[in-house]
Amino acid sequence: MNESDFELLRATAAGDRDAFGRFVRRNTSVVLRFCLLQVCDQHGAEDATQEAMLRLYEQVGRNRVPEEPLPWLLAIARRCCQEFQRQRKRNAARPLREEDSLVARHSPCNEVPDLRHAMVALNDFEAVVLQLKHTKGLRCRQIGEQLGRPIGTVTAALSRAYAKLRAKFDRETEG
Amino acid sequence: MNSNRAIELLELYLAGELPEAEAAAVEAWLREDPAGAEMAAAAKGMVSQLDADLRPPAGADELAAKIIESLDAHVPRRTRRSRKVFSWAAGLAAAAIVLLAATTLLLRRPATPTAGSSDVLSGNVVVDGDQTATVSDGSAISVAGDTPAVIRLTDGSQAELAPATSAVLHGRAKGLRQLVELVQGGGTFRVEKANGDFRVVTKLGSVTAVGTEFSVRIIPPQDPGESGMKMHGAMLAVAVLVGTVQVEFGGKTSVLNGGENRVFAEDRRTPATAGSRTAAGVPAGAAALGYTMKVIDEHPTTADIAPDNANHGNYKWFNGSWWDGRRPATNLYSTVNGELAISYDPTTDRGGCLIGTPRDLSKGALPLLDGSKGFHIEFDTRLSDNDPNHWPAVWVMPQEHSGGSGNPINDVYPGDPAGFERWMELDVDEGGLAKSGGAMCSVLSWTSHGGGYRPDTSNNWATGEAIDRTQVHTFGASYDPIKRQVTSWVDGKQKWQTPVNSSSVPEIAARQHFYPILSVWRQDKGTHKAYTMYVSGVRAYAGVRAYVPPANTAGAKASDKTDTLTADDGWCVLTCPKTCTPGKEFEIKLELKDLAKVTRNWKANKLPVHLWWSSKEKFGGYLGHFASTEVAQDGMLTLKGKFQLNGATAEAAYVQVQAYLTDDWGNDKDKAADCMGPKMEVVK
């Protein structure tokens, strides 16, 4: 991996559209998985992912390059997911409680309810590192290259993420 | 290496991410500590689970390709940001009250508008508790911090909002090029010269710019204090700098010209509160329908909650509903100064759910509300705090609906297909869900079979005003079976009402019997925080005469054999019993009525379309998702695919195909009913 995300976006801001294409190809799976955890809807997650990427593209086009692109992108994606959920609430099925919707039982969220809740305990950087590790299968060294951060920082973040998840799962098991 | 440190490193070790020396130390610990193997197995299990749960999602590569393709049509704007800061209107500063000021300034150089979202150029703008750089049309915003926020609106105008300002940026709406709803606080607007009106609305009145400069302030009401100060109601101050504005206030229209300013005073009205009752003590919502018979008057405490396995008939309230997989913990309930406290615990991610009928839907001590007579129900509640992620709810459900939970299914009616359930859910208030942060009432007509329930929903999600939930409020709702109408009341004032014969208020509700529910839960935005809902009263009033609904006409029509097209709250629904058959290739044509309304500049001639299906028997799922669909020159949009009905449909001859177009999730204007023409047909 030669270029960090930041370098790709900086190149995009300078007019290199292909650089953003590389950024998209590199990160779409991470954002899509993140959105799936948020909205429990494959197509909603796809649209939120697309919307988030395009909003980032628009920002970068105005020379607003975030220093930590992937955490920033996930923050945008979270916003897009919230907008999707609001729209869905207005226009489609919206049970008062999730349990009351049998449709919801078959949604992607129900495949990983524990993880959805446990991920809330992670900060954005830890969530990004965890996803790059398990969604992309990257090594800490590679994650560090992509994020432009030292491997020690990445390893420490991954360790913290595991510890938080372990604590969360242990507590739920005991409860 | 001690055990704690080794356990901390187990996952990294298993992932091969530890340096050699630390890996060796962990291996040594594993050999020496008898608990090591078990801990390693648990860690391995968690890592495997993460690999599975966070696996690469299907379709990511295809999606990436679509996104890259769409970049061609999406040229980022490179407009330079204006750093100019606009000063407050001098005349208003002299007024000494600067809570809110909105000024529009006519600019000569239009900027490129961006349909659907506004950009935050500086300052801290918060939407749903999160700081944001873009604001979608229809979003409720607030300005955090000590500095103003500068926002470029969708029509290119700029708004500089003062700290602590709350507003809703509606964008293009109601025939206006720009609609800004000011809730509190103040700011300054620069309005681009363009066609159409720019309007600022407040709860007191509205100001429409007609090519001018003006300022608007809301002066909040002043209450009488102990000092006996003279009180006044809320006021609207308008000052015109240049040109002309039209002010709507108190049902009257005024025109102000340049150099003029005026304060519009509201008549001081008697505040409507929970005490707004008739002489007989009947609340206004009940009195309006003649529901004078009080059937529930409770001040619940923990002593009223049935212990598990208790004799149900002796208790009024029950812990947990039939759809709860397990009962909430009893420590989520307590009695505090005579109020019942129902709490949410983030450590277990569980909240209390208090129900007016037993989990097995047998008879409890509280009477059920007979739908045939109509009813008005109200709840006196407050919260421990106003965090927007809370989700307290007070609502009613019919005893007939059991969802096949092991209890008899009693919401299947003659004339309907076997197992086809119908019921009404009435959510009197769901805190935190409304866009305004205020009370939200919803009524839902649910239909279909278990596994595919579908609601027809009406609510006041988009309207209303924020309320302080740490104060006691009375949330009420009435159901009128004759008019098939639901009305929402808050603190004795009517807030919202469905139309007469609303599709969300099913006729079948007149045959059902309702019980109250008070649930405490959380939303999925932000951190989940502990909170408590305090309940001081639950009352219900019923009508006297029973309404006998006509014979079943509202059920699913198994005999329908004609393709029909309807609009269903934003969806275009094509019911095609003859033509939509499993395995058949389809080609569906949609005619777009007003393409300009639904097309973003960067998606010119390409629209995302969702197409999904359901039968009477089962919700089917997405039939197709067309992320970037080409629109033909004649405005027709063609979708092609294959009816994949999953092989699980028992009644595939009755298929509903629903399409939904959108240009922006947050845009209220993008309802299919607004943008689709009359044509939606299966042509192949």
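**Exercise 1. A serine in a loop**

Task: In this predicted model, decide whether B:S502 is buried or exposed. Then place B:S502 in the chain and list what it is in contact with beyond its neighbours within four places in sequence.

Solution:
- Step 1. Take the relative accessibility of B:S502, which is 4%.
- Step 2. Apply the cut-off: buried means under 20%. B:S502 therefore counts as buried.
- Step 3. Locate the residue. B:S502 sits in the loop of chain B between β33 (493-497) and β34 (513-522).
- Step 4. Set aside the neighbours within four places in sequence. B:S502 is then in contact with B:S458 and B:R484.

**Exercise 2. Chain B as a whole**

Task: State how many helices and strands chain B has. Then give its buried share and the share of its contacts that join residues at least 24 apart.

Solution:
- Step 1. Count the elements: chain B has eight helices and 43 strands.
- Step 2. Turn to burial. Of the 684 residues in chain B, 53% are buried.
- Step 3. Take the contacts in chain B between residues at least 6 apart in sequence. Of these, 66% join residues at least 24 apart.

**Exercise 3. Strand β6 and its partners**

Task: Sort the residues of β6(B) by face. Then identify how β6(B) pairs with β3(B) and β9(B).

Solution:
- Step 1. Strand β6 of chain B spans residues 139-144. Its covered face holds B:S139, B:I141 and B:V143. Its uncovered face holds B:A140, B:S142 and B:A144.
- Step 2. Strand β3 (residues 124-127) of chain B pairs with β6(B) in the antiparallel sense, over three bridges. One residue match: B:V125 has B:V143 of β6(B) as its bridge partner. B:V143 belongs to the covered face.
- Step 3. Strand β9 (residues 166-173) of chain B is joined to β6(B) by four bridges, and the two run antiparallel. Here B:S139 has B:L169 of β9(B) as its bridge partner. B:S139 is also on the covered face.

**Exercise 4. Two helices in chain A**

Task: Describe how α1(A) and α3(A) pack. Classify the angle, give the handedness and name the residues in contact.

Solution:
- Step 1. Helix α1 (residues 5-13) and helix α3 (residues 42-61) of chain A pack at about 60°, with axes 8 Å apart.
- Step 2. That angle makes α1(A) oblique to α3(A).
- Step 3. The crossing is right-handed.
- Step 4. From α1(A), the contact uses A:L9, A:T12 and A:A13. From α3(A), it uses A:L56, A:Y57 and A:V60.
- Step 5. Sort these by class: five nonpolar, one polar and no charged residues.

Terms used: Residues are numbered from 1 along each chain as its sequence is written. Chains are lettered from A and ligands numbered from 1 in the order in which they are written. This is a predicted model: local features need pLDDT of at least 70, side-chain atom pairs count only at pLDDT 80 or more; totals for chains, interfaces and linings use all residues. Side-chain values use heavy atoms; hydrogens and water are left out. Axes are lines fitted to C-alpha atoms, for helices over the stretch in contact, and angles run from 0 to 180 degrees between N-to-C directions. Angles under 35 degrees count as roughly parallel, over 145 as roughly antiparallel, 65 to 115 as roughly perpendicular and the rest as oblique. A crossing is left-handed if the near helix is turned anticlockwise from the far one by less than a right angle, and right-handed if clockwise. Contact means heavy atoms within 4.5 Å. Ala, Val, Leu, Ile, Met, Phe, Trp, Tyr, Cys and Pro count as nonpolar, Asp, Glu, Lys and Arg as charged, and the others, Gly among them, as polar. Buried means under 20% relative accessible area, exposed over 50%, partly exposed in between (1.4 Å probe, protein chains only). Two strands pair if DSSP finds at least two bridges between them.
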